[in-house]
Amino acid sequence: NGTFHTINQILGINEPKSEITCILYPNPTNDVLNIQLSGNEKSSIVSLINVDGRVVKQKIISSSISTINMSDLPSGIYFIKFISDKEILYQGKIIKQ
């Protein structure tokens, strides 16, 4: 019928609920990846994801210092993601030699 309506809607970006600092070392790693988290009082799920998007390791972290054993994984690039209360707290890249 030729009538157009203009709809104005404001879209926003969800800000993280908590700001955390994450230190991952050594990177690149050969076997054990050390994790230091600060600013997150809750436990979080850490997922290690290969370049195909498949979760290859997953672990619940409830302290500020933890490790992930990567010795059984092939060399390559992996992505690491920390999730707490369905919110992504941190994402990064790890190189396994």
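Which strand does Ser47 lie in? In this predicted model, Ser47 sits in strand β3, which covers residues 44–49. That strand belongs to a chain with seven strands and zero helices, so a read along the sequence simply gives β-β-β-β-β-β-β. Of the 97 residues of the chain, 29% count as buried. The accessible surface adds up to about 7,100 Å², and carbon and sulfur atoms account for 50% of that. As for how the chain folds back on itself, 49% of the contacts between residues at least 6 apart in sequence join residues at least 24 apart.

Back to Ser47, which is buried because its relative accessibility is just 5%, with the cut-off for buried being under 20%. The Ser47 side chain has a polar partner: a contact of 2.8 Å joins it to the side chain of Gln58. Setting aside neighbours within four places in sequence, Ser47 touches Val55, Lys57 and Gln58, along with Phe79, Ile80 and Lys81.

Val55, one of those contacts of Ser47, is placed in strand β4. Val55 is partly exposed, as its relative accessible area is 41%. Beyond its neighbours within four places in sequence, Val55 is in contact with Ser47, Leu48 and Ile49. Measuring from C-alpha to C-alpha, Val55 and Phe79 are 9.2 Å apart in space, with their positions 24 residues apart in sequence.Strand β4 (residues 55–61) also holds Lys57, a partner in the salt bridge that links distant parts of the chain. A search of the whole structure turns up one salt bridge, and it pairs Asp72 with Lys57, the closest N and O atoms being 3.1 Å apart. The two residues are 15 apart in sequence, with Asp72 placed in the loop between β5 (65–69) and β6. Side chains of opposite charge can pair when their charged atoms come close. Are the partners buried or exposed? Asp72 counts as exposed because its relative accessibility is 53%, whereas Lys57, at 23%, counts as partly exposed.

A second serine deserves a look. Ser84 is found in strand β6, which runs over residues 76–84. With a relative accessible area of 4%, Ser84 is buried. A polar atom of the Ser84 side chain lies 3.3 Å from the backbone oxygen of Ser43.

Next comes the nonpolar interior. In soluble globular proteins, nonpolar side chains tend to be buried together. The largest nonpolar core here has 17 residues, and the members that touch the most others are Leu24, Ile35, Met70, Ile80 and Phe82. Two or more residues of this core come from each of β1 (21–25), β2 (32–38), β3, β6 and β7. Leu24 shows what such a member touches: leaving out neighbours within four places in sequence, its contacts are Leu33, Asn34, Ile35, Ile80, Phe82, Tyr90 and Ile94. Ile80, for its part, is also in contact with Ser47.

Some nonpolar side chains end up on the outside. Val51, Ile77, Phe79 and Ile95 make up a nonpolar surface patch, and together they have about 340 Å² of accessible area. Phe79 is also among the contacts of Ser47. Ile95 lies in strand β7, residues 87–96. With 36% relative accessible area, Ile95 is partly exposed, so it clears the cut-off of over 30% that patch residues must meet.

Notes:
Residues are numbered from 1 along each chain as its sequence is written. This is a predicted model: local features need pLDDT of at least 70, side-chain atom pairs count only at pLDDT 80 or more; totals for chains, interfaces and linings use all residues. Side-chain values use heavy atoms; hydrogens and water are left out. Patches are made of residues with over 30% relative accessible area and no salt bridge: like charges are joined within 9 Å, nonpolar side chains (Val, Leu, Ile, Met, Phe, Trp, Tyr) within 5 Å. Accessible areas come from the Shrake-Rupley method with a 1.4 Å probe; for residues, only the protein chains shown count as cover. A salt bridge is a side-chain nitrogen of Lys or Arg within 4 Å of a carboxyl oxygen of Asp or Glu. Helices (H or I, at least four residues) and strands (E, at least two) are DSSP runs, numbered from the N terminus. Buried means under 20% relative accessible area, exposed over 50%, partly exposed in between (1.4 Å probe, protein chains only). A polar contact is a pair of N or O atoms within 3.5 Å; within protein, one must be able to donate a hydrogen and the other to accept it, and residues adjacent in sequence count only if both atoms are side-chain atoms. Contact means heavy atoms within 4.5 Å. A nonpolar core is a set of buried Ala, Val, Leu, Ile, Met, Phe, Trp, Tyr and Cys residues joined through side-chain atoms within 4.5 Å.
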